[in-house]
Amino acid sequence: MNKTIVLQKRPFGPLKADNFKILDDRTPKLEAGKLLLRSMFFSVDPYMRNRMNAIRSYVDPFKVGEPIEGDAIAEVMDSDHPDFRPGDRVTGSFPWKEMMCIDPARATKINDTGISPTAYLGILGLTGLTAYFGLTDVGKIRPGEQVVISGAAGAVGSVAGQIARIMGCQVTGIAGSEQKIQYITDELKFDRAINYKSFPNIRKALAKTNPDGIDIYFDNVGGDVSDSVMYFLNPHARIVLCGQIALYNQSRISTGPRLNAQLIVKRARMEGFIVHDYKDRYPEAIEDLKKWIMQNELSYRETIIEGFSNLPSALMGLFKGENIGKMIVGVA
Ligand SMILES: NC(=O)c1ccc[n+]([C@@H]2O[C@H](COP(=O)([O-])OP(=O)(O)OC[C@H]3O[C@@H](n4cnc5c(N)ncnc54)[C@H](OP(=O)(O)O)[C@@H]3O)[C@@H](O)[C@H]2O)c1
(Lines give C-alpha, C1' and ligand atoms only; values in the text may rest on other atoms or scores of the structure.)
Protein backbone atom coordinates (compact mmCIF):
# COMPACT_ATOMS: atom_id res chain seq x y z
CA MET A 1 0.00 0.00 0.00
CA ASN A 2 1.00 3.61 -0.50
CA LYS A 3 0.76 5.98 2.47
CA THR A 4 -0.69 9.47 1.85
CA ILE A 5 -1.15 12.28 4.39
CA VAL A 6 -4.18 14.52 3.93
CA LEU A 7 -5.49 17.60 5.72
CA GLN A 8 -8.27 16.10 7.83
CA LYS A 9 -9.57 19.36 9.28
CA ARG A 10 -8.47 22.97 9.33
CA PRO A 11 -6.55 24.02 12.47
CA PHE A 12 -7.74 26.59 14.95
CA GLY A 13 -4.70 27.79 16.91
CA PRO A 14 -1.66 25.48 17.14
CA LEU A 15 -1.53 22.44 14.86
CA LYS A 16 -2.60 19.13 16.39
CA ALA A 17 -2.19 15.53 15.28
CA ASP A 18 -5.88 15.32 14.32
CA ASN A 19 -5.48 18.04 11.69
CA PHE A 20 -3.84 15.28 9.63
CA LYS A 21 -4.87 11.81 8.55
CA ILE A 22 -2.69 9.03 7.19
CA LEU A 23 -4.46 7.01 4.50
CA ASP A 24 -3.47 3.81 2.77
CA ASP A 25 -3.85 4.28 -0.95
CA ARG A 26 -3.22 1.96 -3.90
CA THR A 27 0.36 1.98 -5.21
CA PRO A 28 0.22 4.08 -8.39
CA LYS A 29 1.18 2.76 -11.84
CA LEU A 30 3.06 4.67 -14.51
CA GLU A 31 0.67 6.58 -16.79
CA ALA A 32 1.36 7.69 -20.37
CA GLY A 33 3.77 10.67 -20.58
CA LYS A 34 4.34 10.74 -16.80
CA LEU A 35 6.89 9.86 -14.12
CA LEU A 36 6.50 7.33 -11.32
CA LEU A 37 8.30 8.71 -8.25
CA ARG A 38 9.28 7.32 -4.86
CA SER A 39 9.65 10.10 -2.32
CA MET A 40 12.97 10.33 -0.44
CA PHE A 41 12.93 13.59 1.55
CA PHE A 42 10.25 16.16 2.32
CA SER A 43 10.82 19.71 3.48
CA VAL A 44 8.47 20.98 6.19
CA ASP A 45 8.10 24.77 6.26
CA PRO A 46 6.29 27.31 8.44
CA TYR A 47 4.22 28.68 5.49
CA MET A 48 2.41 25.31 5.34
CA ARG A 49 0.57 26.27 8.52
CA ASN A 50 -0.86 29.31 6.69
CA ARG A 51 -1.92 27.17 3.73
CA MET A 52 -4.10 25.17 6.14
CA ASN A 53 -6.32 28.22 6.71
CA ALA A 54 -9.15 28.75 4.25
CA ILE A 55 -7.62 32.03 3.14
CA ARG A 56 -6.28 32.85 -0.30
CA SER A 57 -2.70 34.08 0.02
CA TYR A 58 0.10 34.09 -2.56
CA VAL A 59 -0.65 30.36 -2.89
CA ASP A 60 -3.99 28.55 -2.73
CA PRO A 61 -4.98 26.96 0.60
CA PHE A 62 -4.73 23.18 1.00
CA LYS A 63 -8.08 21.46 0.53
CA VAL A 64 -9.64 19.42 3.32
CA GLY A 65 -9.42 15.70 2.48
CA GLU A 66 -6.60 16.22 -0.02
CA PRO A 67 -2.86 15.60 0.42
CA ILE A 68 -0.63 18.24 1.94
CA GLU A 69 1.99 19.29 -0.57
CA GLY A 70 5.51 20.61 -0.13
CA ASP A 71 9.03 20.70 -1.52
CA ALA A 72 10.55 17.26 -1.82
CA ILE A 73 13.29 15.11 -3.32
CA ALA A 74 12.19 11.92 -5.05
CA GLU A 75 13.69 9.10 -7.09
CA VAL A 76 12.35 8.24 -10.52
CA MET A 77 11.19 4.60 -10.43
CA ASP A 78 9.79 4.56 -13.97
CA SER A 79 9.46 7.12 -16.70
CA ASP A 80 7.47 7.66 -19.88
CA HIS A 81 9.38 10.84 -20.72
CA PRO A 82 12.66 10.98 -22.69
CA ASP A 83 14.36 13.44 -20.26
CA PHE A 84 14.04 11.20 -17.18
CA ARG A 85 15.35 7.71 -16.44
CA PRO A 86 14.85 5.34 -13.51
CA GLY A 87 17.32 6.24 -10.77
CA ASP A 88 17.27 9.99 -11.54
CA ARG A 89 16.71 12.25 -8.56
CA VAL A 90 14.28 15.09 -8.93
CA THR A 91 13.01 17.98 -6.85
CA GLY A 92 9.69 19.81 -6.95
CA SER A 93 6.55 20.54 -4.97
CA PHE A 94 4.99 17.11 -4.47
CA PRO A 95 2.05 15.69 -2.49
CA TRP A 96 2.76 13.95 0.83
CA LYS A 97 2.66 10.46 -0.71
CA GLU A 98 5.21 7.67 -0.51
CA MET A 99 4.81 7.04 -4.24
CA MET A 100 3.18 9.17 -6.91
CA CYS A 101 2.66 9.48 -10.63
CA ILE A 102 3.25 13.06 -11.77
CA ASP A 103 3.55 15.30 -14.80
CA PRO A 104 7.27 15.72 -15.71
CA ALA A 105 6.79 19.50 -15.89
CA ARG A 106 6.54 19.47 -12.07
CA ALA A 107 9.95 17.83 -11.62
CA THR A 108 13.46 19.29 -11.94
CA LYS A 109 16.29 16.84 -12.32
CA ILE A 110 19.15 17.15 -9.80
CA ASN A 111 22.34 16.81 -11.82
CA ASP A 112 24.69 17.91 -9.06
CA THR A 113 26.53 14.92 -7.64
CA GLY A 114 28.97 16.91 -5.49
CA ILE A 115 26.45 17.87 -2.82
CA SER A 116 23.85 16.01 -0.77
CA PRO A 117 20.38 16.13 -2.43
CA THR A 118 18.86 17.49 0.80
CA ALA A 119 20.81 20.73 0.19
CA TYR A 120 18.19 21.43 -2.51
CA LEU A 121 15.55 21.64 0.22
CA GLY A 122 17.60 24.06 2.34
CA ILE A 123 20.81 25.90 1.69
CA LEU A 124 20.49 25.66 -2.14
CA GLY A 125 16.69 25.56 -2.03
CA LEU A 126 14.03 28.07 -1.09
CA THR A 127 15.30 28.86 2.41
CA GLY A 128 18.88 29.63 1.26
CA LEU A 129 17.51 31.70 -1.60
CA THR A 130 15.18 33.56 0.77
CA ALA A 131 18.12 34.54 2.98
CA TYR A 132 20.14 35.63 -0.05
CA PHE A 133 17.55 37.83 -1.76
CA GLY A 134 16.13 39.14 1.52
CA LEU A 135 19.48 40.54 2.56
CA THR A 136 20.95 41.60 -0.74
CA ASP A 137 17.89 42.84 -2.63
CA VAL A 138 15.32 43.82 0.00
CA GLY A 139 17.81 44.74 2.75
CA LYS A 140 20.35 46.30 0.37
CA ILE A 141 23.08 45.24 2.77
CA ARG A 142 26.32 47.24 2.86
CA PRO A 143 29.66 46.36 4.51
CA GLY A 144 30.09 47.56 8.08
CA GLU A 145 26.39 47.58 8.93
CA GLN A 146 24.79 46.29 12.14
CA VAL A 147 22.48 43.38 11.28
CA VAL A 148 20.03 41.61 13.60
CA ILE A 149 18.47 38.27 12.59
CA SER A 150 15.54 36.65 14.39
CA GLY A 151 14.91 32.90 14.04
CA ALA A 152 18.69 32.92 13.75
CA ALA A 153 19.37 29.18 14.13
CA GLY A 154 16.67 28.14 11.66
CA ALA A 155 16.92 27.40 7.96
CA VAL A 156 16.59 30.97 6.67
CA GLY A 157 18.09 32.77 9.68
CA SER A 158 21.28 30.68 9.91
CA VAL A 159 22.06 31.43 6.26
CA ALA A 160 21.06 35.10 6.45
CA GLY A 161 23.39 35.69 9.43
CA GLN A 162 26.32 34.05 7.67
CA ILE A 163 25.75 36.03 4.47
CA ALA A 164 25.71 39.24 6.55
CA ARG A 165 29.04 38.18 8.07
CA ILE A 166 30.48 37.37 4.62
CA MET A 167 29.36 40.85 3.49
CA GLY A 168 31.46 42.41 6.27
CA CYS A 169 28.68 43.23 8.74
CA GLN A 170 28.38 42.79 12.51
CA VAL A 171 25.68 40.21 13.22
CA THR A 172 23.44 39.65 16.25
CA GLY A 173 21.30 36.51 16.21
CA ILE A 174 18.15 35.95 18.27
CA ALA A 175 17.14 32.33 18.93
CA GLY A 176 15.30 30.21 21.49
CA SER A 177 17.79 27.92 23.31
CA GLU A 178 21.33 27.87 24.68
CA GLN A 179 22.22 25.11 22.22
CA LYS A 180 21.14 27.37 19.36
CA ILE A 181 23.06 30.34 20.79
CA GLN A 182 26.19 28.21 20.96
CA TYR A 183 25.63 27.01 17.39
CA ILE A 184 25.28 30.47 15.88
CA THR A 185 28.21 32.00 17.77
CA ASP A 186 30.71 29.09 17.80
CA GLU A 187 29.97 27.41 14.49
CA LEU A 188 28.41 30.15 12.35
CA LYS A 189 30.57 32.95 13.84
CA PHE A 190 27.79 35.43 14.53
CA ASP A 191 29.26 38.27 16.61
CA ARG A 192 26.58 38.28 19.31
CA ALA A 193 23.48 36.32 20.28
CA ILE A 194 20.43 36.57 22.49
CA ASN A 195 18.34 33.67 23.81
CA TYR A 196 14.92 35.32 23.76
CA LYS A 197 13.50 32.64 26.06
CA SER A 198 15.95 33.34 28.87
CA PHE A 199 15.74 37.13 28.35
CA PRO A 200 12.06 37.96 28.61
CA ASN A 201 13.08 41.61 28.37
CA ILE A 202 14.86 41.53 25.02
CA ARG A 203 15.09 45.32 24.94
CA LYS A 204 17.58 45.19 27.82
CA ALA A 205 19.59 42.49 26.06
CA LEU A 206 19.62 44.42 22.76
CA ALA A 207 20.80 47.57 24.53
CA LYS A 208 23.90 45.56 25.52
CA THR A 209 24.49 43.69 22.25
CA ASN A 210 23.76 46.62 19.95
CA PRO A 211 25.02 49.88 21.44
CA ASP A 212 25.53 51.16 17.87
CA GLY A 213 21.92 50.47 16.89
CA ILE A 214 20.58 48.36 14.02
CA ASP A 215 20.83 49.06 10.28
CA ILE A 216 19.09 45.90 9.03
CA TYR A 217 16.60 43.76 10.90
CA PHE A 218 15.93 40.46 9.10
CA ASP A 219 12.63 39.43 10.65
CA ASN A 220 11.70 35.74 10.59
CA VAL A 221 9.42 35.70 13.61
CA GLY A 222 7.43 38.89 14.34
CA GLY A 223 5.62 39.24 17.68
CA ASP A 224 7.32 40.43 20.88
CA VAL A 225 10.86 39.83 19.61
CA SER A 226 10.34 42.15 16.65
CA ASP A 227 8.54 44.78 18.73
CA SER A 228 11.67 45.05 20.89
CA VAL A 229 14.05 45.34 17.94
CA MET A 230 12.15 48.35 16.56
CA TYR A 231 13.42 50.60 19.38
CA PHE A 232 17.04 50.20 18.26
CA LEU A 233 16.72 51.10 14.58
CA ASN A 234 19.31 53.51 13.18
CA PRO A 235 18.30 56.28 10.78
CA HIS A 236 17.46 54.80 7.35
CA ALA A 237 17.32 51.25 8.74
CA ARG A 238 15.75 48.51 6.62
CA ILE A 239 13.43 45.88 8.07
CA VAL A 240 13.32 42.79 5.87
CA LEU A 241 9.93 41.21 6.55
CA CYS A 242 10.60 37.58 5.76
CA GLY A 243 8.29 35.68 8.13
CA GLN A 244 6.09 36.04 11.21
CA ILE A 245 6.07 32.52 12.66
CA ALA A 246 5.12 33.82 16.12
CA LEU A 247 1.75 34.83 14.64
CA TYR A 248 0.92 31.86 12.38
CA ASN A 249 -0.83 29.87 15.13
CA GLN A 250 -2.80 32.80 16.48
CA SER A 251 -6.47 32.65 15.64
CA ARG A 252 -6.81 36.29 16.64
CA ILE A 253 -3.88 38.67 16.08
CA SER A 254 -3.23 40.76 19.19
CA THR A 255 -2.91 44.49 18.58
CA GLY A 256 0.42 44.88 20.41
CA PRO A 257 2.31 48.14 20.77
CA ARG A 258 1.98 50.49 17.82
CA LEU A 259 5.49 50.96 16.52
CA ASN A 260 5.00 52.68 13.20
CA ALA A 261 6.12 55.99 14.73
CA GLN A 262 9.59 54.42 15.02
CA LEU A 263 9.65 54.11 11.23
CA ILE A 264 8.90 57.82 10.86
CA VAL A 265 11.46 59.02 13.37
CA LYS A 266 14.16 56.74 11.95
CA ARG A 267 13.12 57.27 8.28
CA ALA A 268 13.20 53.48 8.17
CA ARG A 269 11.83 51.18 5.46
CA MET A 270 9.93 47.96 6.18
CA GLU A 271 9.39 45.68 3.16
CA GLY A 272 7.88 42.25 2.78
CA PHE A 273 8.87 39.88 0.00
CA ILE A 274 8.24 36.36 -1.30
CA VAL A 275 11.21 34.40 -2.57
CA HIS A 276 9.31 33.14 -5.65
CA ASP A 277 9.43 36.69 -7.04
CA TYR A 278 13.14 36.11 -7.66
CA LYS A 279 12.74 32.91 -9.72
CA ASP A 280 14.62 34.35 -12.71
CA ARG A 281 17.60 35.14 -10.50
CA TYR A 282 17.91 31.80 -8.63
CA PRO A 283 20.95 30.68 -10.71
CA GLU A 284 23.06 33.70 -9.69
CA ALA A 285 22.23 33.14 -6.01
CA ILE A 286 22.94 29.39 -6.19
CA GLU A 287 26.32 30.16 -7.76
CA ASP A 288 27.24 32.49 -4.86
CA LEU A 289 25.91 30.09 -2.19
CA LYS A 290 27.85 27.15 -3.70
CA LYS A 291 31.01 29.25 -3.94
CA TRP A 292 30.76 30.23 -0.26
CA ILE A 293 30.17 26.59 0.76
CA MET A 294 33.26 25.48 -1.22
CA GLN A 295 35.31 28.26 0.43
CA ASN A 296 34.10 27.12 3.89
CA GLU A 297 32.57 30.56 4.44
CA LEU A 298 29.06 29.17 4.65
CA SER A 299 28.05 26.08 6.60
CA TYR A 300 24.67 24.50 7.19
CA ARG A 301 22.93 21.96 9.37
CA GLU A 302 19.85 19.90 8.78
CA THR A 303 17.53 18.31 11.32
CA ILE A 304 16.39 15.11 9.61
CA ILE A 305 13.49 13.20 11.17
CA GLU A 306 13.11 9.70 9.78
CA GLY A 307 9.78 8.19 8.74
CA PHE A 308 6.98 9.29 6.40
CA SER A 309 4.42 9.11 9.23
CA ASN A 310 6.44 11.70 11.18
CA LEU A 311 5.74 14.46 8.65
CA PRO A 312 2.96 16.06 10.78
CA SER A 313 5.02 16.00 14.00
CA ALA A 314 8.06 17.45 12.16
CA LEU A 315 5.89 20.29 10.87
CA MET A 316 4.50 20.90 14.37
CA GLY A 317 8.09 20.80 15.70
CA LEU A 318 8.96 23.99 13.80
CA PHE A 319 6.57 25.87 16.07
CA LYS A 320 8.25 24.43 19.17
CA GLY A 321 11.78 25.24 18.00
CA GLU A 322 12.73 21.56 17.59
CA ASN A 323 15.01 22.17 14.61
CA ILE A 324 18.48 23.54 14.10
CA GLY A 325 18.92 24.54 10.46
CA LYS A 326 16.57 23.03 7.90
CA MET A 327 13.86 20.67 9.14
CA ILE A 328 13.56 17.69 6.76
CA VAL A 329 11.75 14.36 6.91
CA GLY A 330 13.53 11.33 5.46
CA VAL A 331 11.29 8.69 3.91
CA ALA A 332 12.98 5.34 4.20
N1 LIG B 1 9.23 35.42 2.53
C2 LIG B 1 9.55 34.26 2.02
O3 LIG B 1 9.60 34.04 0.81
C4 LIG B 1 9.88 33.12 2.98
C5 LIG B 1 10.47 31.93 2.52
C6 LIG B 1 10.80 30.94 3.46
C7 LIG B 1 10.52 31.15 4.80
N8 LIG B 1 9.92 32.31 5.18
C9 LIG B 1 9.65 32.57 6.61
O10 LIG B 1 10.89 32.65 7.26
C11 LIG B 1 10.74 32.23 8.61
C12 LIG B 1 11.77 31.13 8.91
O13 LIG B 1 11.47 30.00 8.12
P14 LIG B 1 12.39 28.71 8.19
O15 LIG B 1 11.93 27.79 7.13
O16 LIG B 1 13.81 29.15 8.20
O17 LIG B 1 11.99 28.10 9.60
P18 LIG B 1 12.98 27.78 10.77
O19 LIG B 1 13.53 29.08 11.28
O20 LIG B 1 13.96 26.75 10.33
O21 LIG B 1 12.06 27.09 11.85
C22 LIG B 1 11.18 27.82 12.62
C23 LIG B 1 11.85 28.39 13.89
O24 LIG B 1 11.06 29.50 14.34
C25 LIG B 1 11.26 29.68 15.71
N26 LIG B 1 9.97 29.98 16.34
C27 LIG B 1 8.87 29.19 16.39
N28 LIG B 1 7.86 29.80 17.05
C29 LIG B 1 8.37 31.01 17.45
C30 LIG B 1 7.84 32.10 18.19
N31 LIG B 1 6.58 32.07 18.67
N32 LIG B 1 8.62 33.19 18.41
C33 LIG B 1 9.90 33.22 17.95
N34 LIG B 1 10.46 32.22 17.23
C35 LIG B 1 9.71 31.13 16.99
C36 LIG B 1 11.84 28.37 16.28
O37 LIG B 1 13.19 28.63 16.69
P38 LIG B 1 13.51 29.15 18.19
O39 LIG B 1 13.94 27.93 18.94
O40 LIG B 1 14.60 30.13 17.96
O41 LIG B 1 12.25 29.74 18.76
C42 LIG B 1 11.85 27.43 15.07
O43 LIG B 1 12.95 26.56 15.08
C44 LIG B 1 9.30 31.76 8.78
O45 LIG B 1 8.54 32.79 9.38
C46 LIG B 1 8.86 31.51 7.35
O47 LIG B 1 7.47 31.66 7.19
C48 LIG B 1 9.61 33.28 4.32
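In this predicted model, a polar backbone atom of Val-275 sits 2.8 Å from an oxygen atom of the ligand. Two further pairs of atoms help to place the ligand. A polar side-chain atom of Tyr-196 is found 2.5 Å from a ligand oxygen atom, and a nitrogen atom of the ligand lies 3.0 Å from a backbone N or O atom of Cys-242. On its own the ligand has 920 Å² of accessible area, and the protein covers 89% of it.

A wider view takes in the whole shell around the ligand, which is made up of 26 residues. Val-156, Lys-180, Tyr-196, Tyr-248 and Asn-323 are the closest of them. Sorted by class, the shell holds 15 nonpolar residues, ten polar residues and one charged residue. Three helices each contribute at least two residues to this shell: H2 (126–138), H3 (155–166) and H7 (245–248). Of the elements that contribute, H7 gives the most, with three residues.

Helix H2 deserves a second look. Ten of its 13 residues are buried, so H2 is largely enclosed by the rest of the structure. The buried positions begin with a run that can be followed along the helix: Thr-127, Gly-128, Leu-129, Thr-130, Ala-131, Tyr-132, Phe-133, Gly-134 and Leu-135, with Val-138 also on the list. After H2 comes Lys-140, which has a positive phi, near 45 degrees.

Strand S11 (residues 214–219) offers another point of interest, as Asp-219 is found there and Asp-215 lies in S11 too. What surrounds a buried Asp-219 that has no salt bridge? The nearest side chain of opposite charge belongs to Arg-269 and is 14 Å away. Polar partners are available instead: the side chain of Asp-219 makes a polar contact of 2.8 Å with the side chain of Gln-244, and another, of 3.3 Å, with the side chain of Ser-150.

Asp-215 can be read in a similar way. This residue is buried and has no salt bridge, and Arg-238, the nearest side chain of opposite charge, is 5.5 Å away. A salt bridge calls for a side-chain nitrogen of Lys or Arg within 4 Å of a carboxyl oxygen of Asp or Glu. A polar atom of the Asp-215 side chain does have a partner in the backbone, however, lying 2.8 Å from the backbone nitrogen of Gln-146.

A further aspartate, Asp-71, has its place in strand S4 (residues 69–79). Is Asp-71 buried or exposed? Its relative accessible area is 19%, and buried means under 20%, so Asp-71 counts as buried. In sequence, Asp-71 and Phe-94 are 23 residues apart, while in space their C-alpha atoms are 6.2 Å apart.

Finally, the backbone has some positive phi values in residues other than glycine. His-236, in strand S12 (residues 233–241), is one of these, with phi near 65 degrees. Arg-267 is another, with phi near 50 degrees. Arg-267 belongs to the loop between helix H8 (260–265) and strand S13 (269–272). With a relative accessibility of 55%, Arg-267 counts as exposed, whereas Asp-71 is buried.

Terms used:
Residues are numbered from 1 along each chain as its sequence is written. This is a predicted model: local features need pLDDT of at least 70, side-chain atom pairs count only at pLDDT 80 or more; totals for chains, interfaces and linings use all residues. Side-chain values use heavy atoms; hydrogens and water are left out. A residue is near a molecule or strand if one of its heavy atoms lies within 4 Å of it. A polar contact is a pair of N or O atoms within 3.5 Å; within protein, one must be able to donate a hydrogen and the other to accept it, and residues adjacent in sequence count only if both atoms are side-chain atoms. Accessible areas come from the Shrake-Rupley method with a 1.4 Å probe; for residues, only the protein chains shown count as cover. Helices (H or I, at least four residues) and strands (E, at least two) are DSSP runs, numbered from the N terminus. Ala, Val, Leu, Ile, Met, Phe, Trp, Tyr, Cys and Pro count as nonpolar, Asp, Glu, Lys and Arg as charged, and the others, Gly among them, as polar. Buried means under 20% relative accessible area, exposed over 50%, partly exposed in between (1.4 Å probe, protein chains only). Lys and Arg count as positive and Asp and Glu as negative; His and the chain ends are not counted.
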